[in-house]
Amino acid sequence: MTKKNTKTPDEMSFLDHLEELRWHLIRSTLAVVIIAGLALLFSNFIFDIIIFGPKSMDFPTYRFFCKVGTFLGIDSNFCADELPIIIQSREMSGQFSAFIWTAIWAGFILGFPYILYEMWKFISPGLHPNERKHSRGFIFAASLLFFTGALFGYYLVAPLSINYLATFTVSSEVSNNIDLSSFIGTVRTSVIACGLIFELPIIVYFFTKVGLVTPEILKKYRKISLVVVLILAAVVTPPDVVSQILVALPILILYQVSIYISKRVLKRQAKQEAKLKAKRAKKS
């Protein structure tokens, strides 16, 4: 156990801040390790049901797009009996490494709210009381956005990417024997990347607070962001407009919400500055 630091943020030296940060990181790491250890007990469920779920054509996403395609009279790969891929491990320690690292990443994903909590405990003492008051829902909002993004990545981005890449061929002479680490990496990257991308409103909130972002900057680069999002959607989805829109639309909505949040932050700061000026004027 460590001795609780009773100094105020203004009294703490740079080394004191580093020591405080170190213990927050240590507790976050321990939480990830503990959750990873528990995840090992449910490895069959994690691998067979969750990770290899998008490999089965019974996956909810494939059934949905198959029904949509059938309704519109469009032939698609989503109605196939199975994906033309074989997952294999080509290294002696391949399955063991996948077993351990998957548990660690599961610990990070499930322990994300606690990691946010430790981050908040480190940041919040440096905020003004009114700023802490207006930021009480930070952990809940950030966790909700992260898990929403993770589910979006798992149920939309990952299966669309896997289905498209599994059915893409350059020649009938080539078969898709996918390495275990490559398949898991696709699912993991889709889930975690989308989870972090959905944190955009939170990131914009804090960047606006410190003056790095303004609504004008976000509006200025909105068209560029739109192009980038559409390109990314085209890369990770099959070459059809419906899939690309389904992937791009939530991110574009988040971008617009971020502009609104940035405006709100600046308005609130302007009101606080006006109140401070009024108080100073009364005192003088």
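## Lining of the second largest pocket

In this predicted model, the lining of the second largest pocket comprises 21 nonpolar residues, one polar residue and one charged residue. The pocket has a volume of about 570 Å³. Of its 23 lining residues, Ile-46, Ile-50, Ala-106, Ile-109 and Val-191 lie nearest the centre.

Five elements give two or more residues to this lining: α1 (14–41), α2 (43–51), α4 (94–110), α7 (138–167) and α8 (180–197). Helix α4 supplies the largest share, with six residues.

## The enclosed cavity

The count of cavities of 30 Å³ or more comes to one. The volume of the largest cavity is about 40 Å³. Its lining consists of Ala-39, Leu-40, Ser-43, Ile-46, Phe-47, Phe-99, Thr-102 and Ala-103. The elements that give two or more residues to this lining are α1, α2 and α4.

By class, six of the cavity-lining residues are nonpolar and two are polar, with no charged residues. Ile-46 is named in both settings: it belongs to the lining of the largest cavity, and it is one of the residues nearest the centre of the second largest pocket.

## A nonpolar patch on the surface

A nonpolar patch on the surface is formed by Leu-30, Ile-34, Leu-38, Leu-41, Phe-42, Phe-45, Ile-49 and Ile-50, which together have about 830 Å² of accessible area. Helices α1 and α2 are the elements that give two or more residues to the patch. The greatest contribution is that of α1, with four residues.

Within the patch, Phe-42 occupies the loop between α1 and α2. Phe-42 counts as exposed because its relative accessibility is 52%, and the cut-off for that class is over 50%. Ile-50 is a member of the patch and is also listed among the residues nearest the centre of the second largest pocket.

## Salt bridges

Three salt bridges are counted in the protein. One of them joins Glu-19 and Arg-22, whose closest N and O atoms are 3.1 Å apart. Glu-19 and Arg-22 are three residues apart in helix α1, so about one helical turn separates them. Glu-19 is partly exposed, at 36% relative accessibility, and Arg-22 is likewise classed as partly exposed, at 40%.

A further salt bridge links Glu-118 with Arg-27, with 3.2 Å between the closest N and O atoms. Because Glu-118 lies in helix α5 (residues 112–123) and Arg-27 in helix α1, the pair ties together parts that are 91 residues apart in sequence. Glu-118 is buried, with a relative accessible area of 1%, whereas Arg-27 is partly exposed, at 27%.

The side chains of Asp-179 and Arg-90 also meet in a salt bridge, at 3.5 Å from N to O. This pair links distant parts of the chain, 89 residues apart: Asp-179 is in strand β2 (residues 176–179), and Arg-90 is in the loop between β1 (85–88) and α4. Asp-179 has a relative accessible area of 16% and is therefore buried, the cut-off for that class being under 20%. Arg-90 is exposed, with a relative accessible area of 63%.

## Ile-26 and its position relative to Glu-118

Ile-26 is located in helix α1. Its relative accessibility of 29% places Ile-26 in the partly exposed class. The C-alpha atoms of Ile-26 and Glu-118 are separated by 9.8 Å, although the two residues are 92 residues apart along the chain. Glu-118 is also the partner of Arg-27 in a salt bridge.

## Overall architecture

The secondary structure consists of twelve helices and two strands. Read from the N terminus, the order of elements is α-α-α-β-α-α-α-α-β-α-α-α-α-α. The protein has 284 residues, of which 34% are buried.

Helix α1 recurs in several of the features described above. It contributes to the lining of the second largest pocket and to that of the largest cavity, and it gives the most residues to the nonpolar patch. Helix α1 also holds both partners of the bridge between Glu-19 and Arg-22, as well as Arg-27, which pairs with Glu-118 of helix α5. Helix α4, in turn, gives two or more residues to the lining of the largest cavity and the largest share to the lining of the second largest pocket.

Technical notes: Residues numbered from 1 in each chain as written. Predicted model: local features only at pLDDT ≥ 70, side-chain atom pairs only at ≥ 80, totals over all residues. Heavy atoms only, no water. 1 Å grid on protein atoms, 1.4 Å probe; cavity = no way out; pocket = protein on both sides within 12 Å on 5 of 7 lines; lining within 4 Å. Points joined across faces, edges and corners; volume = space filled by probe spheres on them. Nonpolar A, V, L, I, M, F, W, Y, C, P; charged D, E, K, R; others polar. Patch = residues over 30% accessible without salt bridge, like charges linked within 9 Å, V, L, I, M, F, W, Y side chains within 5 Å. Areas by Shrake-Rupley, 256 points an atom, 1.4 Å probe, with all protein chains shown as cover. Salt bridge = Lys/Arg side-chain N within 4 Å of Asp/Glu carboxyl O. Buried < 20%, exposed > 50% of the residue type's maximum accessible area, 1.4 Å probe, protein only.
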